[in-house]
Amino acid sequence: MAVETKRSFCRFCHASCAMVVEVENDKIMSVKGDKEDHLFHGYTCIKGRQLPDMHNLPDRMITSKIRQPDGSFKNIATADALKLAGERMKKMVEEHGPHSIAVYCGTNAFQNSAVLGTSYAFAQGIGSRNWYTSVTVDQPAKVFTTARYGMWMGGGNAFTDSDVAMFVGNNPIVSHYSGGMPTSSPSRGLRDAKERGLKVIVADPRVSEMGKLADIYLPVKPGEDPALLAGMLNVIFEEKLYDQNFVAAHVDGVEELEAAVKSMTPVIAAKRAGVDKDQLIAAARMFAGANKGRVVTGTGPEMAGNGTLTEYLVASLNILCARFNQEGERVSAPMVFNPLMGGPRKAQVAPKMPTFGEGFPKSRIRGLGHLGKEMPCNVLADEILTPGDGQIKALISIGGNPEIAFPDQQKVRRALDECELFIQVDPWMSASAKRADMILAPSMCLEREDINNVSDAFTEEAYAHYTEAMVPPPGDTMDEYEMLWWLAKHMGIEMNFPGGPASMDECPDKATVLDLISEGALLKPSKAKADAAALDRKGAAITYDELHPVVGPADPEATEKFDLNAGAMPSELIDYAANDPVIDGFDFRLISRRSKHRYNSNGHTFPKLVEKMPTNPAFFNPGDLAAAGIQDGAIIEITSTTASIFGLAKADDKVRPGVISMSHAFGDSEAGKDEVMSKGGSTNRLLSDANNIDPITGQALQSAIPVRVSAA
């Protein structure tokens, strides 16, 4: 057969880069960027270019498996596996109640546009409170707690309209979904923005790819982002640089915040944050003096302790400087496929929406509970291991790798081993799949229909991309949303979506399910699919400029304001300022970093990525290596208060002294000294999910980890 050329988009990460796919004999032969797509201009990253391997590698599982009494796996028809699992879970619910069933959606679950909505409908159909996603592993405060201070219905300033952008611990050039910039061709977008005059401020313990391009680079100490941000607020208050008219009209709690940052003078804040005082002042003036812009954070600062406080201070900077779209301006992220949050786009503060606390379902563990719709991941292992009413008996993991991603790795491993029914949906024999009772083989991204609903939040146009399947799924694989439908069918439960109930007589097609999930959005996915076909552009994106919302006027009776004193956050800042802990004997702080060659635990299977990054180097400042008497390239032992791992020491003058920089989600719970070069050390083994946790989100300390090092 001749080679066919089809259009689609990448689903290796959340960026949704437009792609051209070459297919021959129903096999993916190659992928490349779509140069005709006006947002991406042919851009793809090295990870996305591995999609042919992702689909075609011989060790991909295309048949489901079930564990035998001797611990081995044997093949099982996916339909039979789903029937068996559904019947077992139905009995568990009858005997132990609905909370005995849990669903976890990992990073890759977000790449299947129907999985989050379908898995939530599945959990709700059972009546289980135990629905989890990877969001609560790395960025719960960003998503869930800022709503407590108020949200501007018109949305924040667009990157392409901004005069200044501040990035706190995020690196969009490498991690395209890290916020603050559109996901499309980030290097080009940043270059174009700087040419038109954008000023860039970067705060990071290492000089990342973003740091190299910064107008002001602040080498903040790991975990001390609140000091830096509070110091900037101190300058802004002292010099009255905030938008006084906006604040007077729309903000409460200003006096309490001003009092809380009073002690964080530039001298004190700079010393604690480990930055130059004059640079801190210059950053405050640069940010507040611009007309438009925004401060954004990555996962690192949120995982470094004080995540909720950090996000509160970021929100405060944006609020005080009025970094929001005003009446008559186009909304910066129209979100074609996602229902509008907070109602119509207006130039006013939305009514407060509680996202946790009283009235929300509670875990049995550490007094934590739902954040929005989901339970925090850091209670999942204990919910499995703790006997009693409500104990989790069955866990379905979709697109995730809990053993690698969750803190307290040894406990997570024990929980997966002891769970009565652990179902892992996985195309690879991952660390978590090895623990499973049943492995379900999913179809992969170029074998299914999808929409770009994940990248919607960072796309500044009404850009709708509906892709159809490029090739048929091989073997006995199945789309994950179909797996969930069949499990629901066998359990005898209904699945209700925002657009209404799904038929439980026959599994609905993907477009129907996506329409049900996207109810209330600007555009039905089925309409985007039909429009692309009608224009003879099947698989290509369409920009619906006529649907792009414009910020409307405030309601005449609108009285809602931001409340910077909500949740007593100023008091938490005062407590933080008074407490500067030092752990004797643990002189280094280990921070997380993003990699061009991995996406969390995804990428360890693909030969070209492994060739580029076979291990998980521990990057040190060269002076620290010399002082410790450790050679560049030596195998070292890294010890926290909880455990030890091994790593490969690597000198890097871009890392500030006293810091070790390693990637998150490497290795597994069995990786030891002899496997440093083949698996890499897993930083999650160094963590405890019961200590150093955020009392609101339950997030454990996963960056800025106190450690010591020695030769192995």
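**Entry 1: strand β9**

I started with strand β9 (residues 199–203), where 4 of the 5 residues are buried, so the strand is largely enclosed by the rest of the structure. A reminder to myself: this is a predicted model. I then looked up which strands pair with β9. Strand β8 (residues 164–168) runs parallel to β9, and 5 bridges join the two. I picked out one pair of residues here: Ala165 stands opposite Val200 in β9. Next I checked strand β10 (residues 216–218), which also pairs with β9 in the parallel sense, over 3 bridges. In that pairing I found Tyr217 of β10 as the bridge partner of Val202. A handy rule to keep beside these notes is that side chains in a regular strand alternate between the two faces of the sheet.

**Entry 2: helix α14 against helix α21**

Then I turned to two helices. How do I describe such a pair? Two packed helices are described by the angle between their axes and the distance between the axes. For helix α14 (residues 307–320) and helix α21 (residues 569–578), I noted axes that come within 10 Å and cross at roughly 115°. The crossing of α14 and α21 is left-handed.

Which residues of α14 and α21 meet? From α14 I listed Thr308, Leu309, Tyr312 and Leu313, and from α21 Met569, Pro570, Glu572, Leu573 and Tyr576. Sorted by type, the residues of this contact are 7 nonpolar, 1 polar and 1 charged.

**Entry 3: the two sides of α21**

I stayed with α21 and asked which of its residues are buried. My list reads Met569, Pro570, Leu573 and Tyr576. Looking down the axis of α21, I see its buried residues fall within an arc of 115°, so they line one face of the helix. The general rule helps me here: an α-helix has 3.6 residues a turn, so residues three or four places apart point the same way. On the other side of α21, I found Asp575 and Ala578 exposed.

What do the buried residues of α21 pack against? I wrote down α8 (225–238), α10 (254–260), α11 (266–273) and α14.

**Entry 4: the barrel**

Last, I followed a closed barrel of 6 strands in the order β22-β26-β23-β25-β24-β27, with mixed pairing. Ignoring direction, neighbouring strands of this sheet are turned by 45° against each other on average. I looked at one pairing inside the barrel: strand β23 (residues 618–620) and strand β26 (residues 659–663) run antiparallel and are joined by 2 bridges. There I noted Phe619, which stands opposite Ser661 in β26.

Key
Residues numbered from 1 in each chain as written. Predicted model: local features only at pLDDT ≥ 70, side-chain atom pairs only at ≥ 80, totals over all residues. Heavy atoms only, no water. Axes fitted to C-alpha atoms, helices over the stretch in contact; angles between N-to-C directions. Left-handed = near helix turned anticlockwise from the far one by under 90°. Contact = heavy atoms within 4.5 Å. Nonpolar A, V, L, I, M, F, W, Y, C, P; charged D, E, K, R; others polar. Buried < 20%, exposed > 50% of the residue type's maximum accessible area, 1.4 Å probe, protein only. Arc of directions from axis to C-beta. Pairing = 2+ DSSP bridges.
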